[in-house]
Amino acid sequence: MTDPTRRNRLDEAASPYLRQHADNPVNWQPWDEAAFAAAQERDVPIFLSIGYSACHWCHVMEEESFSDDDVAEALNEHFVPVKVDREERPDVDSLYMKVCQVVRGGGGWPLSAFLTPDRKPFFVGTYFPKEARRGQPGFTQLLDDVADSWQTERDDLEDRAEQWLGAAKGELEDLPDAADLGESSPLDDAADALARTADRDNGGFGRAPKFPQAGRVDAMLRAQESADDQYGTVAREALDAMASGGLYDHLGGGFHRYCTDADWTVPHFEKMLYDQATLARTYVDGYRVFGDERYADVVAETLAFVDRELGHPDGGFYATLDARSPPLDDPEGEREEGAFYVWTPAQVDEAVADYADEAPADADPADLAALFCARYGVDEAGNFEHGQTVLTVSATPEALAAEFDYTEDEVADLLAAAETRLRAARADRPRPARDDKVLAGWNGLMARAYAEAGLAFDDANERASDEGDSYSERAADAVDYVRSELWDGERLARRVIQGNVAGVGYAEDYAYLAAGALATYEATGDHAHLGFALDLVDALLDACYDDETGALYQTPASVQDVDVRSQAVDGGPTPSPVGVAAETLLALDAIDPDAGYADAAEAMLERYGERVQRSPAAHPTLVLAADTHAVGHREVTVAADSLPEDWRRTVGTAYLPDRLLSRRPRTDGELDEWLDSLEIDGAPPVWADRESVEGPTAYVCRRACSPPLSSAEEIEEWLAEFSR
């Protein structure tokens, strides 16, 4: 019988990342039992390569090494090569990335690991060039060395593998000591720690490379007591820097993954759905705190980008856009990082002249081009490769008005015309590839962002999505799509690609999607989304939670092909699943107080409280959940057929991080029907005895309640009464 692993099997994969390697001469295998059995049968190591479709250095290693016949011959002869999409299997990535971090002191993608036939790691690294350079070993020589060591030093390698796996197991599985939550919030301690790590010169946190870290900004926003106190200033510096620098796409909206420098100039150009979701929601809150219209514009432009470029026609959202695209002068040529996004002065001149019909203007095209270049720092020297420029905000409208002898209103109109022409020119460039995975958890994050934008902006028609739907409706579309495609009534699947559903739901999928469904209920009043949130947290607790220890695990216990069961504490660029789960459970406890949600949230926060106490700046999502536990929610219960617009504006545009906007029918008779559909016995306190009184009625509560309220002004007064 022919060994199926003696050929490249990735042509059977649905993942765009795996399919990118389906034509390699390497006999790539998916992460499955056939690959593991072949390694055991042949008694050779596994070479594991982990990456994702938008990863720049993954593409580089593929082109340099995995497309090379000599490299492929060595891999195929001496190893079983296995390729993993980290977005499909975060548990596999988590284990071997932890080994890399423990052994090497850092990690990244592509992750390259050599494993024993029983999947234990004995050598790890990230990107390797084909030939040695700049102190990095060459991949060709590395393959020869590892193959030779497997024959001559196997006992040592297997001993090392046991030690490394044990170290990773300890890091990922050992339970931290539980901590008493106490009565006080850890928020101020976290904000103090974050302020010490803030880059006060360039905005944001830490040094290069510079990641957005939306959770840290969220914590500073919640800790601020006035817009100009230290915490508020640090938050605003981060928001301004990210929106002005190269991290942000000034023509198309949306954020790149991170910047390679400290001053936010040159990004890695991939665009991840989770960054759009977390940052859009942070900028909604930035607008609520500071009232800065630029932040509202960032939200509108980012959500328009998501809808236009990452929106699934049936309602969900795709995962990523690649960092690379073909060069302008060779659509079939080798893809280059950032080619879609960067400009030279000559390209600006050409675009402004050639696309004049897109946006007429009374100014000379040369003047428009000069104005645009001055605004965004485009010059002959460039700030990127080959004299090209990543757009950054380099001059204020006031300075441009003075330089070009226009009024500020004229500058705004002329810049808008120039930008429209350049957008049209860019739309004709070869485009970055898109990863068409729809991931349950990332869609939950995106739905939550749209729902928050809906509460803040849905009456502002100019900020509606390109399709004309309100933001709240777009949130509902995403939740409905994921429910129809990935929820079987009891469990979530991880992803769907063109109808192909695969993977188990992870803790992050349940937690993020439950939070998104809850926010969508708040924004729309549709209790079907509330019911879905309740179902999701029930499934999360059943699949991933240990009620004896308070631990939340990344994977359900049914997953058997990874040797370590990681706890779902650290989120990396995404929020901590434990933190999101705890905050959502605390909110849903108000809806079903007999379900034990608050007990589970408290147990999680106690289990991981020691991490918050030891390093609060590293765990902002957990800090925010612990803060919610300490201070409680400001409940706004509305009994009405629909939310009056001025009420939505009062609640939705105010910064209320402890808000729980609860919608219920006007009468108890209608409420009973809701309760039956939600399978809740008896009206919870948040709804009980809160019928409408001669029209739409609101109640504002925090451990005590207002009288029935009938106006936006009264709601605002009582929200202030129950402030922190």
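A disulfide is taken here as a pair of cysteine sulfur atoms within 2.5 Å. The model is a predicted one, and by this rule two disulfides turn up in it. C259 misses out: its sulfur sits 17 Å from the closest cysteine sulfur, that of C55, so the gap is too far for a bond. C259 also counts as buried, because its relative accessibility is 0%. C100 has a similar story to tell. The closest cysteine sulfur to that of C100 belongs to C58 and lies 13 Å away, which is too far for a bond. With 1% relative accessibility, C100 counts as buried.

As for the cysteines that do pair up, C55 is joined to C58, with an S to S distance of 2.3 Å. The torsion about this S-S bond is about 80°, so the disulfide between C55 and C58 is right-handed. Both of these cysteines, C55 and C58, are buried. The other bond links C701 with C705, at 1.9 Å from S to S. Here the torsion about the S-S bond comes to about 110°, so the C701 and C705 disulfide is right-handed. C701 counts as buried at 2% relative accessibility, whereas C705, at 40%, counts as partly exposed. Numbered in sequence order, the bonded cysteines of the protein chain pair up as 1-2, 3-4.

Away from the cysteines, D627 is worth a look. This residue belongs to helix α24, which spans residues 620-631, and D627 counts as buried, with a relative accessibility of 0%. Its side chain makes a polar contact with the side chain of S185, at 2.7 Å. Setting aside neighbours within four places in sequence, the contacts of D627 are S185, P186, L187, R222, G632 and R724.

How values were computed
Residues numbered from 1 in each chain as written. Predicted model: local features only at pLDDT ≥ 70, side-chain atom pairs only at ≥ 80, totals over all residues. Heavy atoms only, no water. Helix = DSSP H or I, 4+ residues; strand = E, 2+ residues; numbered from the N terminus. Buried < 20%, exposed > 50% of the residue type's maximum accessible area, 1.4 Å probe, protein only. Polar contact = N/O pair within 3.5 Å; in protein donor to acceptor, adjacent residues only side chain to side chain. Contact = heavy atoms within 4.5 Å.
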